[in-house]
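Please walk through the fold of this protein, starting from its sheet and ending at its annotated site.

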Amino acid sequence: MEKEKYSEELNVAVRVVHMACGLCQKVQKGFLGNALDDDEVKSKDDDSLVTIADWSVQATVSWILSNTFGSENVSIVAEEDVQTLSKPESAGLLGKVVSTVNECLAQASRYGLKGPDKTLGPSEILEAISRCNSNGGPRGRHWVLDPVDGTLGFVRGGQYAVALALIDNAEVVVGVLGCPNYHMKRDRHNKQQQNHISSEVSVPSPDMLEEGCVMYSKKGTGEAWVQPTVSGDSQYEWPNFAKQVRVSPIDDPALATFCEPVERDNSNHSFAAGLASSVGLRNKPLRVYSMVKYAAIAQGDAEIFMKFARAGYKEKIWDHAAGVLIVQEAGGVVTDAGGRSLDFSKGIYLESLDRGIVACSGTKLHEKLIGAVYASWESSSP
């Protein structure tokens, strides 16, 4: 029975993330090459961006989880709220979200899920989004969703991710990462394929937009898997086309590739650069939007992800939960910069985080980096 624990939750989570990836691919195609208007992209109070895809994915995932497991049994921690969508001047934006969600849910049967019997109205869509109002905590089950992680990358045609995790009594037990612009690794020993996680701001060709992947894992299995996203009118079949992923065996810093966030506002690039130099990392860092960085480590395209937040910035659980589990089950190590496991029991923030986050493909690299953090921190301030 223990082996089957969380199997249903994983099954549904993978399917709904596949659905969400299809939604995002369609919306992103509409963005690329067209001027964005105020009904498609908004700025939040913290100056980050939110798009119709963010709200639409959140509504879709919320509706599917609540319909499958019962709304009374589902607690969802998610990034977006309905404050902007509920304003009278946002009627056009809400209309686009309603249309996008209904188009996506109408395809639910393709993914082996049950959609609504009739078209959902604006109030039902707003209810689905606002249902994601849990603050998590140390007890109980909580789904954790980032509907579009890396919205800036999404808008610019770069990397982004749909991230869904299940936390049970403060432990991440299911993790799913949908990466619509990130390819499955076809040759596990060909490091030249790293260019497919380039964070350069460029417009992917239409065929590239169909070649993403969904990566997933369940706690305690020691396995992580990847599937291609569903293209065209294909029917999703579980678990066809799934391949097991494993972290890179490289443990020499001189050969390792490390990822870091693109944004400088909440990440201390200078400290990370000094740390990289001190441990002998020679490769230029891959600056990538979103949790695609975790996916890159899990399937061996990179060995290290470092993030050291600037003073005052607090990491949120939806930015890490799914990726952390996938890397760990694929054989990697993820801790804070003090070498401690990340604590998902404190609500929406990773409280008591020691300086930053360090994810590595193996213990040797991880130990070198943690040691370098202790040696370097006194001479540098974030």
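The paragraphs below cover the sheet, the helices that lie across it, and the annotated residues. The model is predicted.

The sheet is open and is formed by 7 strands in the order E3-E4-E5-E6-E7-E8-E9, with mixed pairing. Its edge strands are E3 and E9 (243-245), each of which pairs on one side only. On average, neighbouring strands of the sheet are turned by 20° against each other, direction ignored. One of the pairings links E6, residues 171-179, with E7, residues 213-218: these two strands run antiparallel and are joined by 6 bridges. Within this pairing, Val-176 is found opposite Tyr-216 of E7.

Helices lie across the sheet. H2, made up of residues 52-69, lies across E3, E4 and E5 (161-168), and runs at about 155° to E4. H8, made up of residues 321-329, lies across E5, E6, E7 and E8 (224-228), and runs at about 100° to E6. E5 is thus named among the strands under H2 and among those under H8.

H2 also packs against another helix, H3. Two packed helices are described by the angle between their axes and by the distance between those axes. For H2 and H3 the angle is about 45° and the axes are 9 Å apart. Because angles from 35 to 65 degrees fall outside the parallel and perpendicular classes, H2 counts as oblique to H3. The crossing of the two helices is right-handed. On the H2 side, the residues that meet H3 include Trp-55, Ala-59, Trp-63 and Ile-64. On the H3 side, the residues that meet H2 include Leu-93, Val-97, Val-101 and Leu-105.

Which residues does UniProt list for "binding site"? An unreviewed entry there gives Glu-79, Asp-146, Asp-149 and Asp-319. These residues are spread over 241 residues of sequence, yet they cluster in space, with a largest C-alpha distance of 9.5 Å.

Two of these residues can be placed on the elements above. Glu-79 is in the loop between E3 (76-78) and H3 (91-105). Asp-149 is in strand E4, which covers residues 141-149. Are Glu-79 and Asp-149 buried or exposed? Glu-79 counts as partly exposed because its relative accessibility is 26%, a value between the limits of 20% and 50%. Asp-149 has a relative accessible area of 9%, so this residue is buried. Leaving aside residues up to four places away in sequence, Asp-149 touches Tyr-160, Ala-161, Ser-290, Met-291 and Asp-319. One of these contacts, Asp-319, is itself among the residues listed by UniProt for the site.

Terms used: Residues numbered from 1 in each chain as written. Predicted model: local features only at pLDDT ≥ 70, side-chain atom pairs only at ≥ 80, totals over all residues. Heavy atoms only, no water. UniProt positions renumbered as here; feature names shortened; annotations may be inferred. Helix = DSSP H or I, 4+ residues; strand = E, 2+ residues; numbered from the N terminus. Buried < 20%, exposed > 50% of the residue type's maximum accessible area, 1.4 Å probe, protein only. Contact = heavy atoms within 4.5 Å. Pairing = 2+ DSSP bridges. Axes fitted to C-alpha atoms, helices over the stretch in contact; angles between N-to-C directions. Parallel < 35°, antiparallel > 145°, perpendicular 65-115°, else oblique. Left-handed = near helix turned anticlockwise from the far one by under 90°.
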